[in-house]
Amino acid sequence: MPNTTTRDTVILGSGCAGLTAAIYAARANLKPLVLEGHEPGGQLSITTLVENFPGWPEGVQGPELIERMKQQAVRFGAELKMAQLVSADLSKHPYELNLGAGKDPIHTRTLIIASGASARWLGLPSEQALIGHGVSSCATCDGFFASGKEIAVIGGGDSAMEEALFLTRFATKVTLINRTDHFRASRIMMERATAHASIQLLSSTVVEEVLGVEEKEVRCLRLRNVKTGERTELPVSFMFLGIGHTPNAKPFHGQLDLDADGYILTHGNVFVTHNGKDVPGIFACGDIQDRRYRQAITAAATGCMAALEAEKFLEDHGR
Ligand code: NDP
């Protein structure tokens, strides 16, 4: 017998944005259902020390911050479910959410999209073949395995700097490889990385191949200097990716307006559109719609806004 209950509010994603939305929606008695998604806890759950979240003068570990937000949301009545949205039908209201074969669809009057953005890969076949065998996008998860080894980190932004600095706890040498000679990282992170004795910066360099596929463990990177064309090999046991993120908006292609890279376009912070027209009762918050700030605090802020707008929508349209 299919479950035909219609929810007031469903929240997609359990990162900082989704959980803040859940806290607000739960306190407004909307009994939100949070679908935790394929990366529960979002980016903060794979981060180490968060030093810039207000109220934590000594910093706080990302996973701890997320765990506390979860507890806060549950305390007020949010329901968390380990599930992932496969497709959505936004053509009729209440909206229909499908969680895959054999699972009942969920209907909801309001939808808060906080599904974030996932770590990017280079896309090399050798890289893909060695994921979990020395290739990783999560320094926090896999750093320990790099103990006593020489490793590489790819990227020139804050993520790459943060990963490189974190990995110096384990690795004997970290080579940071950036594809241009322009580093996007903030000054403070850049200074910390360049000042560290175990970190070596390699700019204008791309990875052409990860060697070690036959042995099923990374042993070397084949590199090319994009300015000189010179090819070299760098012996390393691990390659960590820190090259940014891809928005998790696939179920909404063709149903909501997205930018060229697939981020959901919003106006008024959290309102979404389709063909330029507002879509009633759907709100987007956090990294799925924010390419500019992408901070825990801004994700939390838009999560709050999305929940307040969902509450207002339900009041205006009768619950
Ligand atoms: P960014 O988009 O800032 O940087 C991505 C980096 O990866 C760039 O150097 C980019 O190079 C490179 N890159 C992208 N695609 C490829 C590719 N296919 N091959 C090789 N290199 C590639 O992403 P981040 O994740 O670093 O940062 C995102 C946001 O989060 C920023 O606003 C940042 O400040 C913030 N952040 C803050 C932290 C903190 O304060 N502690 C920690 C982590 C992130 P190119 O420049 O050539 O495009």
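## A salt bridge between β1 and β8

In this predicted model, the side chains of Asp8 and Arg109 come together in a salt bridge, with 2.8 Å from N to O. Asp8 belongs to strand β1 (residues 6-12) and Arg109 to strand β8, so the pair links parts of the chain that are 101 residues apart in sequence. Side chains of opposite charge can pair when their charged atoms come close. The structure holds 16 salt bridges, and another of them appears further down, where the domains meet.

## Around strand β21

Strand β8 also has a role in strand pairing. Covering residues 106-113, β8 runs parallel to strand β21 (residues 277-284), and the two are joined over three bridges. If you would like a residue pair to look for, Ile113 has Ala284 as its bridge partner in β21.

Strand β21 pairs with β20 (residues 271-274) as well, this time in the antiparallel sense and over three bridges. Here Phe271 is matched with Phe283 of β21. The hairpin of β20 and β21 has two residues between its strands, and Asn275 takes a positive phi near 50° there.

## Asn248 and its neighbours

Asn248 sits in the loop between β18 (245-247) and β19 (266-267). Its side chain reaches the backbone oxygen of Ser115 at 2.8 Å. Leaving aside residues up to four places away in sequence, Asn248 touches His38, Ser115, Gly116, Ala117, Ser118 and Ile288.

## Two domains and their contact

Where do the domain boundaries fall? Domain 1 is made of two stretches, 6-119 and 245-316, while domain 2 spans 125-241. Their C-alpha centres lie 32 Å apart. Seven residues from domain 1 and eight residues from domain 2 take part in the contact.

The size of an interface is often given as the accessible area lost when the parts come together. For domain 1 and domain 2 the buried area is about 540 Å², with 53% of it on carbon and sulfur atoms.

What does the rule find across this interface in the way of salt bridges? There is one salt bridge between domain 1 and domain 2. Glu51 forms a salt bridge with Arg192, and their closest N and O atoms are 3.5 Å apart. On the side of domain 1 that touches domain 2, the residues divide into three nonpolar, three polar and one charged. The count of residue pairs in polar contact between the two domains, with both residues at pLDDT 80 or more, is zero.

## A parallel sheet of five strands

Strands of a sheet pair through backbone hydrogen bonds, either parallel or antiparallel. One open sheet here has five strands in the order β10-β17-β11-β12-β13, with parallel pairing. At its edges are β10 (135-136) and β13 (199-202), each of which pairs on one side only.

Within this sheet, strand β11 (residues 150-154) and strand β17 (residues 238-241) are joined in the parallel sense over four bridges. Ala152 has Met239 as its bridge partner in β17.

## Backbone details to check

Two loops are worth a look if you are going through the backbone torsions. His93 and Pro94 are joined by a cis peptide bond, with omega about -5°, and Pro94 lies in the loop between β6 (87-89) and β7 (95-98).

Ser204 has a positive phi of about 50°, although it is not a glycine. You will find Ser204 in the loop between β13 and β14 (205-211).

Definitions and conventions:
Residues numbered from 1 in each chain as written. Predicted model: local features only at pLDDT ≥ 70, side-chain atom pairs only at ≥ 80, totals over all residues. Heavy atoms only, no water. Domains from an automatic or database assignment. Contact = heavy atoms within 4.5 Å. Buried area = accessible area lost by both parts, 1.4 Å probe. Salt bridge = Lys/Arg side-chain N within 4 Å of Asp/Glu carboxyl O. Polar contact = N/O pair within 3.5 Å; in protein donor to acceptor, adjacent residues only side chain to side chain. Nonpolar A, V, L, I, M, F, W, Y, C, P; charged D, E, K, R; others polar. Pairing = 2+ DSSP bridges.
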